Amino acid sequence: MNIVIGSDNHGYKIKPEIIKHLEDNGHKVTDVGAYTNESCDYPLYAKAAAEMVASKEADFGIVICSSGEGVMMVANKVRGVRCGLGYNDEVAALLRQHNDANMISFGATFMSVEDIIRRIDIFLSTAFEGGRHQRRINLFE
């Protein structure tokens, strides 16, 4: 799969481990920033990741900031993106099963990198159930 990842300076600290894990598992990863641990404008990176997902340049997107909330809000402003906060394992699966999410967000301040990596794996390996859920997704727009 082609996966795009974007973060703020908080996510920057854990991105290398996430990228290595994804690449070790055969995924192609595009990092759209941030590229330092200096304070930055996270909307730039979340929007860049979301635009790659919306244009189908990437199959899925991962965005990370301190809480996971800001990057999620920015990503969801891009038409065609459905991004949710992967705050536990069950929700990481439900984002795909029920919402056909194509992006997931994380809060680097509130989650360990091990939890984030596990939830990314859950998210990427879970299929959309369709059926009644598709009907509801059709009502999103």
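Is Arg 119 buried or exposed? Select Arg 119 and colour by accessibility: with a relative accessibility of 9%, Arg 119 counts as buried (buried is under 20% relative accessible area, exposed over 50%, partly exposed in between, with a 1.4 Å probe and protein chains only).

Before moving on, a little housekeeping. This is a predicted model, where local features need pLDDT of at least 70 and side-chain atom pairs count only at pLDDT 80 or more, while totals for chains, interfaces and linings use all residues. Residues are numbered from 1 along each chain as its sequence is written, and side-chain values use heavy atoms, leaving out hydrogens and water.

**Stop 1: the partners of Arg 119**

Keep Arg 119 on screen and add Asp 89. Their side chains meet in a salt bridge, 3.1 Å from N to O (a salt bridge is a side-chain nitrogen of Lys or Arg within 4 Å of a carboxyl oxygen of Asp or Glu). Arg 119 sits in helix H6 (residues 113-125) and Asp 89 in helix H5 (residues 89-97), so this pair ties together parts that are 30 residues apart in sequence. Helices (H or I, at least four residues) and strands (E, at least two) are DSSP runs, numbered from the N terminus. Asp 89 is partly exposed, at 28% relative accessibility.

Now add Arg 118 and Asp 115. Their side chains form a salt bridge too, at 2.9 Å from N to O. Both are in helix H6, three residues apart, about one turn of the helix. Arg 118 is partly exposed at 35%, and Asp 115 is partly exposed at 24%. With all four selected, you have a network of salt bridges linking Asp 89, Asp 115, Arg 118 and Arg 119.

**Stop 2: H5 against H6**

Show H5 and H6 as ribbons. How do you describe such a pair? Two packed helices are described by the angle between their axes and the distance between the axes. Here the angle is about 30° and the axes are 8 Å apart (axes are lines fitted to C-alpha atoms, for helices over the stretch in contact, and angles run from 0 to 180 degrees between N-to-C directions). That makes H5 roughly parallel to H6 (under 35 degrees is roughly parallel, over 145 roughly antiparallel, 65 to 115 roughly perpendicular and the rest oblique). H5 passes H6 in a right-handed crossing (left-handed if the near helix is turned anticlockwise from the far one by less than a right angle, right-handed if clockwise).

To see the meeting place, select Asp 89, Ala 92, Ala 93, Leu 95 and Arg 96 in H5; they meet Arg 118, Arg 119, Ile 122 and Phe 123 in H6 (contact means heavy atoms within 4.5 Å).

**Stop 3: helix H2 and its two sides**

Stay with H6 and bring in H2 (residues 15-24). Which residues of H2 are buried? Try Lys 15, Ile 18, Ile 19 and Leu 22. They cover an arc of only 95° around the axis, which puts them on the same side of H2 (the arc is that of the directions from the helix axis to the C-beta atoms). Flip to the other side of H2, and Pro 16, Lys 20 and Asp 24 are exposed.

What covers the buried residues of H2? The cover includes strand E1 (2-7), helix H1 (9-12), strand E2 (28-31), strand E3 (60-65) and H6. H2 and H6 pack at an angle of about 35°, with their axes 10 Å apart, and their crossing is right-handed. On the H2 side, pick Glu 17, Ile 18, His 21 and Leu 22, which meet Val 113, Ile 116, Ile 117, Ile 120, Asp 121 and Leu 124 in H6. Just past H2, look for Gly 26, whose phi is positive, near 90°.

**Stop 4: helix H7**

Jump to H7 (residues 132-138) and select His 133. At 4% relative accessibility, His 133 counts as buried. Leaving aside neighbours within four places in sequence, His 133 is in contact with Gln 97, His 98 and Phe 128.

Ile 137 is in H7 too, and is buried, at 10%. With neighbours within four places in sequence left aside, Ile 137 is in contact with Arg 82, His 98, Asn 99, Asp 100 and Phe 128. Draw a distance from Ile 137 to Thr 36: their C-alpha atoms are 37 Å apart, with the two positions 101 residues apart along the chain.

**Last stop: a pair within H3**

Finish with Lys 47 and Glu 51, whose side chains meet in a salt bridge at 3.9 Å, N to O. Both lie in helix H3 (residues 42-54), four residues apart, about one turn of the helix. Lys 47 is partly exposed at 44%, and Glu 51 is partly exposed at 40%. A search of the whole structure finds eight salt bridges.
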